[in-house]
Amino acid sequence: LEEKNFYSMRMMQSQEVPVDQGMPGLIKGLQASGKKVLALTLINSGSYGQIASMEKFRVNRLILAGYRFDKSWSGVKKQLLNQEKDVVFSKGVVLTNFSPKGDALMAFLQYAKNKPKKIILIDDRRINLKSVEAVARKNNIQFLGIEYMAAVDAKKEPINIKRARLQLDIFKKKHKWLSDGEADKYILTHSSIK
């Protein structure tokens with residue numbers, strides 16, 4: 001299978017949960033107090049492999065995980081923010097298509113005609129924090145960057161070779177991606193798997 005098809009099918013069949021169960025509540029609380037909250041994701045826009053619209057896919061996945069960003073931007077319609085780089089805004093989410101988050105954020109703020117006094121960015125990559133900080137300074141906007149390491153710091157188990165082989169085998173044969181839990185159950189009930 002072509003790489004995009006593999007990754008898109010795996011994304012469609014995976015289950016996402018917040019790293020920190022309290023984060024969706026934090027977002028809701030900020031919105032309830034009148035703060036504008038926006039998601040900036042490096043993910044690409046448009047179609048990708050088996051996924052017809054990454055915008056719809058990403059927004060729906062965030063909603064399923066408990067995140068709603070559209071409440072902060074109810075009057076702002078979906079928009080291609082940068083045609084050259086395919087940066088898109090949809091329902092409170094900016095898909096940067098792997099372009100710098102600072103540039104994507106400024107393109108959105110210009111489109112939404114919004115100049116905040118302060119930007120607080122929570123991100124797991126320092127390069128993204130620096131990118132947004134640079135454009136904030138350039139535009140005389142206060143900036144606070146928080147490097148969120150929960151996903152990185154989460155205890156990671158070593159790769160389970162038996163599980164990985166089964167997941168790839170099932171994917172190749174049936175075009176279905178088994179979660180780790182599903183694969184482990186399968187292995188337990190079919191003990192002849194090597």
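**Q&A on a predicted model**

Me: On the other side of helix α5, opposite its buried residues, which ones are exposed?
Reply: Exposed means over 50% relative accessible area, buried under 20%, and partly exposed in between (1.4 Å probe, protein chains only). Helices (H or I, at least four residues) and strands (E, at least two) are DSSP runs numbered from the N terminus. By those cut-offs, the exposed residues on that side of α5 are Arg126, Ile127, Lys130, Arg137 and Lys138.

Me: Before we go on, what kind of model is this, and what pLDDT do local features need?
Reply: Residues are numbered from 1 along each chain as its sequence is written, and side-chain values use heavy atoms, leaving out hydrogens and water. It's a predicted model, where side-chain atom pairs count only at pLDDT 80 or more, totals for chains, interfaces and linings use all residues, and local features need pLDDT of at least 70.

Me: Back to α5: how many degrees of arc do its buried residues cover?
Reply: The buried ones are Asn128, Leu129, Ser131, Val132, Val135 and Ala136. They sit on the same side of α5, because the arc they cover around the axis (taken from the directions from the helix axis to the C-beta atoms) is only 160 degrees.

Me: How far apart should the ends of α5 be?
Reply: The expected span is 1.5 Å times one less than the number of residues. Helix α5 runs over residues 126-138, which is 13 residues, and its end C-alpha atoms are 18 Å apart. That agrees with the expected span of 18 Å.

Me: What do the buried residues of α5 pack against?
Reply: Contact here means heavy atoms within 4.5 Å. The partners of the buried α5 residues include one helix, α4 (101-111), and the strands β1 (39-41), β5 (118-123) and β6 (142-147).

Me: How many residues of α4 are buried?
Reply: The buried set is Lys101, Gly102, Ala104, Leu105, Met106, Ala107, Phe108 and Leu109. They pack against β1, β2 (79-82), β3, β4 (93-95), β5 and α5. So α4 is mostly covered, and of its 11 residues the buried count is 8.

Me: Which element gives the most to the largest nonpolar core?
Reply: A nonpolar core is a set of buried Ala, Val, Leu, Ile, Met, Phe, Trp, Tyr and Cys residues joined through side-chain atoms within 4.5 Å. This one has 19 residues, and Leu81, Val94, Phe108 and Ile119 touch the most other members. At least two residues each come from β3 (87-90), α4, β5 and α5. With 6 residues, the top contributor is α4.

Me: Leaving aside neighbours within four places in sequence, which residues is Phe108 in contact with?
Reply: Phe108 belongs to α4, where it is buried. With those sequence neighbours set aside, its contacts are Leu38, Trp73, Val76, Leu81, Phe89 and Val94.

Me: Asn140 has a positive phi; what is its relative accessibility?
Reply: Most residues other than glycine have a negative phi. Asn140 lies in the loop between α5 and β6, and its phi is near 55 degrees. Asn140 counts as exposed, at a relative accessibility of 70%.

Me: And what is the relative accessible area of Lys91?
Reply: Lys91 is found in the loop between β3 and β4. Although it isn't a glycine, Lys91 has a positive phi of about 50 degrees. Lys91 is exposed, and its relative accessible area is 54%.
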